[in-house]
Amino acid sequence: MSKFYGPIGYITQQEISPGIWDDVAVERSYRGDILQNIRKWEPTEHKNDDVVISNRISIIADIFAYENLSTIRYVSWMGIRWKVNNIEIQRPRLILTLGEVYNG
């Protein structure tokens, strides 16, 4: 089983000036295991196909992760931010299923 260490991105909305809200990314680093490592290419109407991964990463979660589950948006893995499609809670771990490239 491969090991994982990297940042997970949490996206929250913060008021940057009165009445104006914007998405703010907060990254926190976690360690864990890569449970599944699968890649596939999805055909698109563009010239190149999109790469989609179905990786499952199990991280050792902290209080911040449990309190902000709904704001987890991406995982940085191999230099690319991947969208989190699914979160499974298995205390003390979170199992994150990744999907396509995150473009947020």
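How exposed is arginine 28, by its relative accessible area? Arginine 28 is partly exposed, at 32%, where buried means under 20% relative accessible area, exposed over 50% and partly exposed in between, with a 1.4 Å probe and protein chains only. The tour returns to this residue below.

This is a predicted model, in which local features need pLDDT of at least 70, side-chain atom pairs count only at pLDDT 80 or more, and totals for chains, interfaces and linings use all residues. Residues are numbered from 1 along each chain as its sequence is written, and side-chain values use heavy atoms, with hydrogens and water left out.

**Stop 1: the whole chain**

Show the chain as a cartoon. One helix and eight strands make up its secondary structure; these are DSSP runs numbered from the N terminus, with helices being H or I of at least four residues and strands E of at least two. In sequence order the pattern is β-β-β-β-β-α-β-β-β. The C-alpha trace spans about 45 × 40 × 20 Å along its principal axes.

Now switch on the surface. The accessible surface of the chain is about 6,800 Å², and 48% of that belongs to carbon and sulfur atoms; the areas come from the Shrake-Rupley method with a 1.4 Å probe, and for residues only the protein chains shown count as cover. Of the 104 residues, 34% count as buried. Among contacts between residues at least 6 apart in sequence, 51% join residues at least 24 apart, a contact being heavy atoms within 4.5 Å.

**Stop 2: strands β5, β7 and β8**

Select residues 93-101, which form strand β8, and add residues 80-90, strand β7. β7 and β8 pair in the antiparallel sense over seven bridges; two strands pair if DSSP finds at least two bridges between them. The two strands form a hairpin with two residues between them. Within this pairing, isoleucine 89 has leucine 94 in β8 as its bridge partner.

Next add residues 56-60, strand β5. β5 runs antiparallel to β8 and is joined to β8 by five bridges. Look for isoleucine 57, which stands opposite leucine 96 in β8.

**Stop 3: serine 58**

Stay in strand β5 and select serine 58. Serine 58 counts as buried, at 3% relative accessibility. The side chain of serine 58 makes a polar contact of 3.0 Å with the side chain of arginine 93. A polar contact is a pair of N or O atoms within 3.5 Å; within protein, one must be able to donate a hydrogen and the other to accept it, and residues adjacent in sequence count only if both atoms are side-chain atoms.

Which residues is serine 58 in contact with, leaving aside its neighbours within four places in sequence? They are Arg31, Gly32, Asp33, Leu35, Arg93, Leu94 and Ile95.

**Stop 4: salt bridges**

The whole structure holds six salt bridges, each a side-chain nitrogen of Lys or Arg within 4 Å of a carboxyl oxygen of Asp or Glu. Three of these pairs are shown here.

Select lysine 3 and aspartate 33, whose side chains meet in a salt bridge of 2.8 Å, N to O. This pair links distant parts of the chain, with lysine 3 in strand β1 (residues 2-17) and aspartate 33 in strand β2 (residues 20-36), 30 residues apart. Lysine 3 counts as exposed, at 64% relative accessibility, whereas aspartate 33 counts as buried, at 10%. Add Arg93 to the selection: Lys3, Asp33 and Arg93 are linked in a network of salt bridges.

Go back to arginine 28 and select aspartate 62 with it; the closest N and O atoms of this salt bridge are 2.9 Å apart. Arginine 28 lies in strand β2 and aspartate 62 in the loop between β5 and α1 (63-67), so the pair ties together parts that are 34 residues apart in sequence. Aspartate 62 is partly exposed, at 25%.

Then select arginine 56 and glutamate 88, a salt bridge with its closest N and O atoms 3.5 Å apart. Arginine 56 is partly exposed, with a relative accessible area of 25%, and glutamate 88 is partly exposed, at 28%.

**Stop 5: an aromatic pair**

How many aromatic pairs are there? The count comes to two. Rings of Phe, Tyr and Trp (its six-membered ring) pair if their centres lie within 6.5 Å; planes under 30 degrees apart count as stacked, over 60 as edge-to-face and the rest as tilted.

Select tyrosine 10 and phenylalanine 64, an edge-to-face pair with 4.8 Å centre to centre and 80° between the planes. Tyrosine 10 is in strand β1 and phenylalanine 64 in helix α1, so this pair ties together parts 54 residues apart in sequence. Tyrosine 10 is buried, at 1%, while phenylalanine 64 counts as partly exposed, at 24%.
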